[in-house]
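Work through the exercises below with the sequence and coordinates at hand. Each task is followed by a stepwise solution.

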Amino acid sequence: MNIVDLTLLFIKFGFLCFGGGYMLIPLLSADLVDRYKLLTLGEFSNLVSIAQVTPGPVGINTATYVGFEQAGVLGGEIATFALLLPGVFLSL
């Protein structure tokens, strides 16, 4: 997945993330595992488990990991920023 598609995907998640990061888990699973096949179900389960025990929200940790796996450090930063952008925009 290229960086533009990754950015648009996480912007979509940012707009749909009402109710917190745990509400995002089914959306992330449907797109990352089933639709785009970026992760296997086992990798996704491990990712959610690790994201729960590390500091920070589940969605942010997931965005950072998936972005990093797809496009390196820049991908991790852009995916994280893309997930946060809609919330910041709506707050302003």
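Buried means under 20% relative accessible area, exposed over 50%, and partly exposed in between (1.4 Å probe, protein chains only). The model is predicted: local features need pLDDT of at least 70, side-chain atom pairs count only at pLDDT 80 or more, and totals for chains, interfaces and linings use all residues. Numbering runs from 1 along each chain as its sequence is written, and side-chain values use heavy atoms, with hydrogens and water left out.

**Exercise 1.** Find the salt bridge (a side-chain nitrogen of Lys or Arg within 4 Å of a carboxyl oxygen of Asp or Glu) and classify its partners by burial.

Step 1. The count under this rule is one salt bridge.
Step 2. D31 and K12 form the pair, at 2.5 Å from N to O. Because D31 belongs to helix 2 and K12 to helix 1, the bridge ties together parts 19 residues apart in sequence; helices are DSSP runs of H or I, at least four residues, numbered from the N terminus.
Step 3. D31 is buried, at 8% relative accessibility. K12 has 32% relative accessible area and is therefore partly exposed.

**Exercise 2.** Describe the geometry and packing of helix 2.

Step 1. Helix 2 covers residues 21-35, and its 15 residues reach 20 Å from first to last C-alpha, close to the expected 21 Å (1.5 Å times one less than the number of residues).
Step 2. A bend of about 35 degrees occurs at L27, taken between axes fitted to the seven residues ending there and the seven starting there.
Step 3. Its buried residues include L24, I25, L28 and D31. The buried residues of helix 2 pack against helix 1, helix 3 and helix 4, where contact means heavy atoms within 4.5 Å.
Step 4. Just after helix 2, K37 has a positive phi of about 55 degrees.

Note on methods. Helices (H or I, at least four residues) and strands (E, at least two) are DSSP runs, numbered from the N terminus.
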